[in-house]
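Dear colleague,

I am handing over the structure we spoke about, and I would be glad if you could look through it with the notes below at hand.

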Amino acid sequence: MHPDVLDIPAAAHLLSLSKGSTYKLVRSGAIPAWRLGQQWRLWRPAVLRVVAGPDAEDQHPLIPEGDPELIDRQTLAELLDLSPDTCRLLVRDGTIPSRTVGPTTRVWWPSVRQLMIDGSVPAGAEACLLYTSPSPRDS
């Protein structure tokens, strides 16, 4: 899993809360998270900003240097700690924005990261995917 991607147990540990309390905060929107099927993923710097405020930005920038940009589905599965089949289904139903490039599917990692931060796909994310291929999403 990407070092800044958290699941509910990891977020609960980071915040020194129970898993139940963390679920409540995520469901209420107090902590930014992205639901992937029946699992939640949180972006560590965004969670720290909620807890520590703007001071967290100095030590934990929202966009770390060296983060990947265009990735394949297998890499996405590894970064999010999801099964490849789950990633395939999430790509197919449009939950994860992607494009098919030749025989493989490519995902724009910054848009996935933004979904974990605030639930939105950044403007221009589709354009970053469009330049690679005009073909439809993975089926």
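What follows is an account of what was found, from the overall layout down to single residues.

Please keep in mind throughout that this is a predicted model. The protein chain holds eight helices and six strands, and from the N terminus on its elements run β-α-α-β-β-α-α-β-α-α-β-β-α-α. Of its 139 residues, 41% count as buried. Among contacts between residues at least 6 apart in sequence, 59% join residues at least 24 apart.

To begin with the strands, three of them form an open sheet in the order β1-β3-β2, with antiparallel pairing. Its edge strands are β1 (5-6) and β2 (34-36), each of which pairs on one side only. Between β2 and β3, which run antiparallel, there are three bridges, and R35 has W40 in β3 as its bridge partner. As general background, the strands of a sheet pair through backbone hydrogen bonds, either parallel or antiparallel.

Further along the chain, strand β5 (residues 98-101) pairs with strand β6 (residues 104-108) in the antiparallel sense, over four bridges, and S98 stands opposite V107 in β6. These two strands, β5 and β6, make a hairpin with two residues between them, and in that turn G102 has a positive phi of about 60 degrees.

Helix α7 deserves a careful look. Eight of its ten residues are buried, so α7 is largely enclosed by the rest of the structure; the buried ones are W109, P110, S111, V112, R113, L115, M116 and I117. Just after α7, G119 takes a positive phi of about 80 degrees.

How does α7 pack with helix α5? Two packed helices are described by the angle between their axes and the distance between the axes. For α5 (residues 73-80) and α7 the angle is about 30 degrees, and the axes are 12 Å apart. Since angles under 35 degrees count as roughly parallel, α5 and α7 are therefore roughly parallel to each other. The crossing in which α5 passes α7 is right-handed, and the residues that meet there are L76, L79 and L80 in α5 with W109, V112 and M116 in α7.

W109 also takes part in the one aromatic pair that a search of the whole structure finds. The rings of W43 and W109 have centres 6.3 Å apart and planes at 65 degrees, and because planes over 60 degrees apart count as edge-to-face, the pair is of that kind. It links distant parts of the chain, with W43 in strand β3 (residues 39-43) and W109 in helix α7 (residues 109-118), 66 residues apart. Both W43 and W109 are buried.

Finally, there is I8, which is found in helix α1 (residues 8-15). Is I8 buried or exposed? At 3% relative accessibility it counts as buried, because the cut-off for that term is under 20%. Leaving aside residues up to four places away in sequence, I8 touches K19, T22, Y23, V26, W40 and L42; among these, W40 is the bridge partner of R35 described above. I8 and Q39 are 31 residues apart in sequence, while their C-alpha atoms are 8.3 Å apart in space.

With best regards

How values were computed. Residues are numbered from 1 along each chain as its sequence is written. This is a predicted model: local features need pLDDT of at least 70, side-chain atom pairs count only at pLDDT 80 or more; totals for chains, interfaces and linings use all residues. Side-chain values use heavy atoms; hydrogens and water are left out. Rings of Phe, Tyr and Trp (its six-membered ring) pair if their centres lie within 6.5 Å; planes under 30 degrees apart count as stacked, over 60 as edge-to-face and the rest as tilted. Buried means under 20% relative accessible area, exposed over 50%, partly exposed in between (1.4 Å probe, protein chains only). Two strands pair if DSSP finds at least two bridges between them. Axes are lines fitted to C-alpha atoms, for helices over the stretch in contact, and angles run from 0 to 180 degrees between N-to-C directions. Angles under 35 degrees count as roughly parallel, over 145 as roughly antiparallel, 65 to 115 as roughly perpendicular and the rest as oblique. A crossing is left-handed if the near helix is turned anticlockwise from the far one by less than a right angle, and right-handed if clockwise. Contact means heavy atoms within 4.5 Å.
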